[in-house]
Amino acid sequence: MTNPSPPTVPLLINGEFVTSRSTQWREVVNPATQQVLARVPLATADEVQAAVAAAQAAFPAWRKTPIGQRARIFLKYQQLIREQVKDLAAILTAEQGKTLADAEGDVFRGLEVVEHAAGIGNLQLGELANNVAGGVDTYTLLQPLGVCVGITPFNFPAMIPLWMFPMAIACGNTFVLKPSEQDPMSTMRLVELAIEAGIPPGVLNVVHGGEDVVNAICDHADIKAVSFVGSTRVGTHVYHRASQAGKRVQCMMGAKNHAIILPDAHKEQTLNNLVGAAFGAAGQRCMAVSVAVLVGEAQSWIPELVERAKKLSVGNGALAGTDVGPLISCAAKDRVESLIAQGEAEGARLELDGRLPALAGAAGEGNFVGPTVFSGVKPGMALYEQEIFGPVLCIAEAASLDEAIELINANPNGNGTALFTQSGAAARKFQENVEVGQVGINVPIPVPVPLFSFTGSRASKLGDLGPYGKQVVLFYTQTKTITERWFDDSSVSTGVNTTISLR
């Protein structure tokens with residue numbers, strides 16, 4: 001008996017799910033078992049053009065759609081997502097590898113942004129100053145831009161697309177989404193639910209692809225804004241190419257997140273937090289803690305940290321009790337194992353080796369690397385300089401809080417950082433002096449809720465406005481300032497005024 005052909009992932013163009021005519025396809029592979037789940041097309045140039053044209057044609061009517069009507073679509077959308085969380089998580093785990101619990105968290109953090117989008121009536125308010133001069137009022141309008149695009153990564157195939165298109169569409173824009181071609185199935189299920197919620201044809205479109213599709217997006221004259229989350233290499237390319245084409249661009253990119261542990265920190269809570277933040281999602285988070293900076297006597301905590309890491313269960317994320325799932329691909333596994341070997345060669349101390357981990361259950365031929373811990377890691381080592389994007393925790397040492405802050409500030413990245421302490425004075429010094437955009441105090445992964453915005457900084461970000469929250473409303477709208485005066489007969493001037501003053 002022959003195995004049935006895997007299903008094909010469609011495009012979404014002008015409200016229709018269509019099969020690509022591309023001759024280039026890639027397989028979507030379960031990273032825990034190597035089972036081929038689906039085939040995804042690399043869209044043709046004509047298909048990208050059709051998606052953008054559909055968005056452009058839908059924009060005039062959508063921008064005039066009453067704001068309350070837009071909001072009600074997202075009220076319906078969040079309800080549909082809530083009803084489908086378990087199914088969405090199962091799809092996500094199969095194609096991405098993270099545990100079912102983590103996959104549900106992925107969906108939930110995106111759902112929070114959908115809920116925020118449903119409040120667009122309060123978010124897209126302008127400002128008014130009455131009588132700024134004699135009979136003159138000034139006010140602002142936040143108007144949609146037009147066609148916007150989102151390019152999303154493999155590690156959060158639910159959350160990050162939901163960071164992008166709900167807020168853009170709620171603001172009155174139309175949207176073209178390009179999900180990661182490595183795990184597009186959960187994203188496409190979310191897109192199906194968005195259409196079911198009432199998003200009109202052409203307002204949301206989806207294309208798949210690699211470098212050629214990304215470049216077509218950056219160059220297309222009808223696209224007004226591009227949102228990107230992914231690697232520093234690709235993000236830098238997208239930022240420069242799209243901004244040179246006159247587009248508004250925001251790029252969230254690579255990271256090297258440090259957590260400082262002071263000796264007065266709550267030991268049990270801190271160690272548990274570190275292990276969870278370093279090895280959750282197999283380290284494939286741009287906000288993962290990849291460097292722990294142990295200050296003074298906290299350096300004696302290494303054996304206990306290693307013991308906690310050893311107890312994590314490695315295996316198929318779909319199995320109950322799994323703590324650490326596989327890496328996304330064979331290439332990712334090879335790269336992480338190569339960096340582990342390089343770390344040994346450069347003199348870092350391998351406290352826990354995650355290569356060839358013991359696996360829970362029938363794990364199959366998955367891309368597994370277990371929790372790995374190095375101590376004695378220093379700047380200049382590949383382990384420290386590169387974003388590993390795997391379950392590897394580097395431990396550095398510092399004699400004082402000031403020395404630890406200097407270490408962080410010398411690193412070019414600025415996505416997230418954390419301090420573990422029971423000292424308010426130390427916390428205040430840290431949050432004031434550390435040069436990182438997102439700071440946690442006894443919180444290892446300080447990703448803000450959607451009332452605020454994602455505020456990575458320095459080499460981790462290009463563009464001045466971050467995803468979701470108040471900043472993204474400004475990103476997806478153009479501020480227009482209106483200054484107006486209405487005359488009655490008694491206020492009409494009888495002479496010509498050639499000065500700049502309105503008084």
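The following dialogue treats aromatic pairs and charges over rings in a predicted model.

Tutor: Local features in this predicted model need pLDDT of at least 70, and side-chain atom pairs count only at pLDDT 80 or more. Residues are numbered from 1 along each chain as its sequence is written, and side-chain values use heavy atoms, without hydrogens and water.

Student: How many aromatic pairs does the rule give?

Tutor: Rings of Phe, Tyr and Trp (its six-membered ring) pair if their centres lie within 6.5 Å; planes under 30 degrees apart are stacked, over 60 edge-to-face, and the rest tilted. By this rule there are six aromatic pairs.

Student: Why is the pair of phenylalanine 154 and phenylalanine 389 called edge-to-face?

Tutor: The centres are 5.9 Å apart, within 6.5 Å, and the planes meet at 85°, over 60; therefore the pair is edge-to-face.

Student: Why is phenylalanine 154 called buried?

Tutor: Buried means under 20% relative accessible area, exposed over 50%, and partly exposed in between (1.4 Å probe, protein chains only). Phenylalanine 154 has 14%, so it is buried. Phenylalanine 389, at 22%, therefore counts as partly exposed.

Student: What makes phenylalanine 475 and tyrosine 476 an edge-to-face pair?

Tutor: Their centres lie 5.1 Å apart and their planes 70°, so both conditions are met. Phenylalanine 475 and tyrosine 476 are both buried.

Student: How do you know that the charged end of arginine 39 sits over the ring of tryptophan 25?

Tutor: A charge sits over a ring if NZ of Lys or CZ of Arg is within 6 Å of the ring centre and within 35 degrees of the ring normal. The charged end of arginine 39 is 4.5 Å from the ring centre of tryptophan 25. Lysine 98 lies over the face of phenylalanine 156, at 3.9 Å from the ring centre.
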